[in-house]
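Biologist: I should be grateful for a close look at a single part of this assembly. Please begin from the structure shown here.

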Amino acid sequence: MSSTPFLEVRDLQIHSASRELVSGVGFQAVQGRVLGLVGASGSGKSLTCLSVLDLLPKGLRMQGQICVQGVALEDQASRRAIRSSKVGMILQNPMSCFDPVFTIRTHFRETLAAHGMLSADFGQRMLDALREVGFAEPQSVPGLYPFQMSGGMLQRVMVALALILEAPFLIADEPTTDLDTVAQARVLDLLAGLKERHGLGMLLVTHDLGVIARLADDVAVMHGGMIIERGTVHEIFGNPQHEYTQRLIATHLEFSGYN
Amino acid sequence: MSLRDMFRTLARRGVLAIAVLMAVVVCGTAVFAPVIAPHDPTDVVLENKFAAPSMEHPFGCDHLGRDVLSRLVYGTRTSICSVAAIMAIVLLLGFTVGTVSGYAGGALDATLMRFCDVFLTFPTFILAMFLIGVLGTGMVNVIIAVALTHWAWYARIIRSMVLSLKNREYVLAAKVAGTGRLQTTVRHILPPIVAQLVILCTLDIGHMMLHVSGLSFLGLGVTPPMPEWGVMISDARQFIWSHPMLIMLPGGMIFVTVMAFNLLGDALRDSFDPALAVQEDVVP
Amino acid sequence: MLRYIAKRLLILVPMLLAVSVVVFLILRLGQGDPAMSYLRLSNIPPTDQALAVARQELGLDLPLAVQYVHWLGKALTLDFGRSYVTGLPVLEEILYYLPNTLKLAGFSLLLTLLASLPLGVWSALEKDRMPDHLTRAVAFAGVSMPGFWLGFLLVWLFSIHLGWLPPLGIGGLDHMIMPALSMSLMSMAINTRLIRGNMLDNMHARHVLYARVRGLPERVVVGKHVLVNSLIPVVTAIGMHVGELFGGAVVAESIFSWPGVGRYAVSAIYNRDYPVMQCFILIMTGIFVLMNLGVDILYAWLDPRIRLEGGSNR
């Protein structure tokens with residue numbers, strides 16, 4: 001664990017024209033550990049992630065500081081420059097995240113080209129990445145169009161696209177939403193394995209405490225655009241301080257029956 | 001709310017107000033044509049042939065010495081009346097076929113929709129021409145022809161509205177278990193559907209007007225001496241070198257009137273459509 | 001893909017049959033007495049006896065369904081009868097004028113696409129700025145403009161005042177500019193709005209967000225992913241524009257004395273020349289249907305979702 005955090009967000013505020021959606025969020029994420037950001041939908045988790053890479057929808061404005069490897073990213077261009085090169089990201093609803101008109105190969109090719117990493121062994125590297133995310137026969141994948149694949153497969157292709165660029169840090173925004181249980185388990189195993197093998201740092205955004213318990217080292221709980229509690233996963237599950245966290249955990253235990 | 005958004009909201013309301021005003025003026029002109037028009041639009045006074053604008057004839061007279069202003073004013077009446085009649089027939093047919101199709105479902109639905117498809121297979125204007133060719137020219141036949149070439153589209157839309165209404169009614173029935181169901185339907189489900197239909201009709205009025213005046217221009221629609229803008233342009237075409245105003249004025253009337261209804265339709269759609277609000281852009 | 005084309009061709013047959021039934025019924029129900037017209041054509045005085053003979057000859061005493069089958073048989077062998085006015089075979093006359101109309105319509109379609117593609121894209125990229133406001137205002141005026149009035153405005157400006165373009169007749173490219181402009185402004189406006197709307201919708205699409213996540217430069221995000229997905233659906237609109245342009249051609253031919261099939265059909269309507277009218281609508285609808293078929297196939301070929309799934313979602 002290095003002394004400077006890989007990704008640090010300080011006093012982040014996001015406004016729409018009429019109201020404040022995220023107010024004063026701050027956290028530090030280090031390499032090799034998974035920071036879980038948990039909260040109900042609408043609590044501002046996804047917006048927080050998008051703002052790191054300057055991906056907020058038009059009409060939303062952000063204030064605050066974002067630092068990567070100790071360097072403050074002051075302007076839009078610097079936050080765009082780290083997209084996928086330093087901070088990879090996988091999104092929810094994988095079925096809608098790929099351009100339906102192009103094959104998976106095109107998606108790989110243009111991504112590598114954008115980062116100046118398109119080389120002669122492109123095909124081989126693509127297959128290696130696909131194999132790593134669990135495709136037993138990776139050569140069948142590149143020729144497919146997105147709509148010919150399942151959500152779970154596409155979610156893993158997303159992970160492969162992040163891996164092939166060798167970004168040291170990954171933001172996973174609700175990586176298991178909209179997947180069936182089997183696919184969920186595969187994606188979680190995959191992410192856990194990547195952390196082990198590559199020492200990836202990860203910001204894991206989810207509303208599912210089960211996912212947090214499975215994957216996270218540290219947890220920050222978001223509610224109403226603010227972080228209301230933070231600690232290690234053991235602290236949060238073992239001894240929740242904030243009333244909202246307690247209710248969240250109680251509800252989760254009630255519905256899942258275990259964990 | 002920022003200043004910019006306030007301006008935008010105000011601008012949107014302003015456009016709606018202007019559009020409503022224009023539509024009211026147009027309809028008012030049609031209704032009160034006899035009061036507004038200074039002369040009988042069909043009065044031929046040959047000594048007034050091509051008379052220049054004067055107090056007596058503000059826009060001058062045409063090649064037969066008829067008062068141009070009066071003809072323009074009565075032309076509004078012809079346009080509005082014919083489109084109103086077309087819309088009435090189209091909605092009647094569309095509602096009947098659409099509702100029966102939507103509620104009956106099954107084979108009847110399929111048959112009716114195939115029937116609609118046949119009408120949608122023809123190029124609209126060409127089919128209208130053919131119908132007039134068979135029925136003969138004249139205002140009534142133009143109304144029938146344009147209505148017959150447009151109804152199928154409405155039948156399809158009304159059917160899809162009925163289907164969505166049906167689905168939502170089922171959901172509602174499950175939720176409220178019978179109590180006040182009719183009331184809720186009338187209050188919450190019907191208004192958006194009716195609003196949608198009103199918007200579609202408003203946007204289509206201009207289109208139908210263009211068809212009527214286009215057919216009349218070709219000599220296939222409203223027959224002279226009845227004052228109609230397309231006929232006026234057709235009458236004046238040989239005088240374009242010497243008296244271009246006789247073409248400019250009726251054409252401008254069509255343009256402005258069609259624009260008024262298009263503007264009204266757009267403004268209505270914007271004020272009913274919440275997707276334009278800035279907040280909706282937020283990714284959940 | 002082949003399965004999709006086969007399916008579309010299969011639907012075409014009953015569709016065209018239904019079209020022919022509608023045309024036949026409109027003719028029979030509205031036409032009055034075809035025997036009378038026949039006699040007029042043959043210059044035979046319409047005595048009661050002559051009428052009865054003509055009815056029998058024409059098969060008008062047979063049931064409607066039988067008459068339809070006879071009529072269809074003739075239509076299928078491209079026998080549309082002779083013009084009541086000139087006495088010449090109708091099909092020959094129509095085919096004589098048709099190329100002129102198709103030339104005009106084709107040029108208008110080209111004009112529509114050439115103008116609306118850059119304008120729609122530009123307007124979307126500059127949303128809420130001056131170019132967008134301007135384009136939208138022009139497009140709005142375009143959907144409200146009567147084509148025949150625009151035609152005269154053009155003649156007044158470019159022929160009478162400036163003397164740049166010939167006011168009527170057929171000839172080179174300069175003869176086509178004004179008729180084509182007056183026909184295509186409406187389609188241009190509609191298409192520009194469509195492209196702008198598609199672009200704006202696609203800019204919010206999640207696959208575009210993900211393209212940005214992957215670090216693609218804005219040039220590629222907009223120039224490839226937004227643009228391609230916005231333009232493919234425009235292909236289907238071409239079919240609709242062709243229908244509009246056919247209508248516009250009739251009007252433009254009348255204004256500019258363009259010797260096309262539309263002007264011929266209008267004069268046929270004045271003369272109640274039924275064989276011409278009937279041939280005109282069947283040919284024009286036929287072309288329209290075939291154009292739409294071509295457009296659908298092109299669309300399916302462009303969009304892998306239909307190419308590979310056999311069009312299950314359409």
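Among contacts in chain C between residues at least 6 apart in sequence, what percentage join residues at least 24 apart? Please describe chain C closely, together with the core to which its residues contribute.

Modeller: The model is a predicted one. In chain C, 72% of the contacts between residues at least 6 apart in sequence join residues at least 24 apart. This chain contains 14 helices and zero strands, so that every element in its order from the N terminus is an α element under the run-based assignment. Its C-alpha trace spans about 85 × 55 × 30 Å along the principal axes. Chain C has 314 residues, of which 39% count as buried.

Turning to the core, the largest nonpolar one has 124 residues. Ala265(C) and Phe280(C) are, with Met129(B), the residues with the most contacts inside it. Helix α9 of chain B, residues 245-272, supplies the largest share of this core, namely 13 residues. Contacts of Met129(B) link the two chains: leaving aside neighbours within four places in sequence, Met129(B) touches Val250(C), Ala265(C) and Ile269(C), as well as Leu220(B). Apart from this core lies another, of 85 residues, which includes Leu21(A), Leu60(A), Ile82(A) and Met222(A). In general, nonpolar side chains of soluble globular proteins tend to be buried together.

Chain A offers a contrast to the strand count of zero in chain C: four of its strands form an open antiparallel sheet in the order β2-β1-β4-β5. The edge strands of that sheet are β2(A), residues 20-29, and β5(A), residues 71-72. Helix α1(A), residues 45-52, packs on the sheet and touches β1(A), β2(A) and β4(A).

Definitions and conventions
Residues are numbered from 1 along each chain as its sequence is written. Chains are lettered from A and ligands numbered from 1 in the order in which they are written. This is a predicted model: local features need pLDDT of at least 70, side-chain atom pairs count only at pLDDT 80 or more; totals for chains, interfaces and linings use all residues. Two strands pair if DSSP finds at least two bridges between them. Helices (H or I, at least four residues) and strands (E, at least two) are DSSP runs, numbered from the N terminus. Two residues are in contact if their C-beta atoms, placed from the backbone, lie within 7 Å. Axes are lines fitted to C-alpha atoms, for helices over the stretch in contact, and angles run from 0 to 180 degrees between N-to-C directions. A nonpolar core is a set of buried Ala, Val, Leu, Ile, Met, Phe, Trp, Tyr and Cys residues joined through C-beta atoms within 7 Å. A residue is buried if 20 or more other C-beta atoms lie within 10 Å of its own, exposed if 12 or fewer, and partly exposed in between; C-beta atoms are placed from the backbone.
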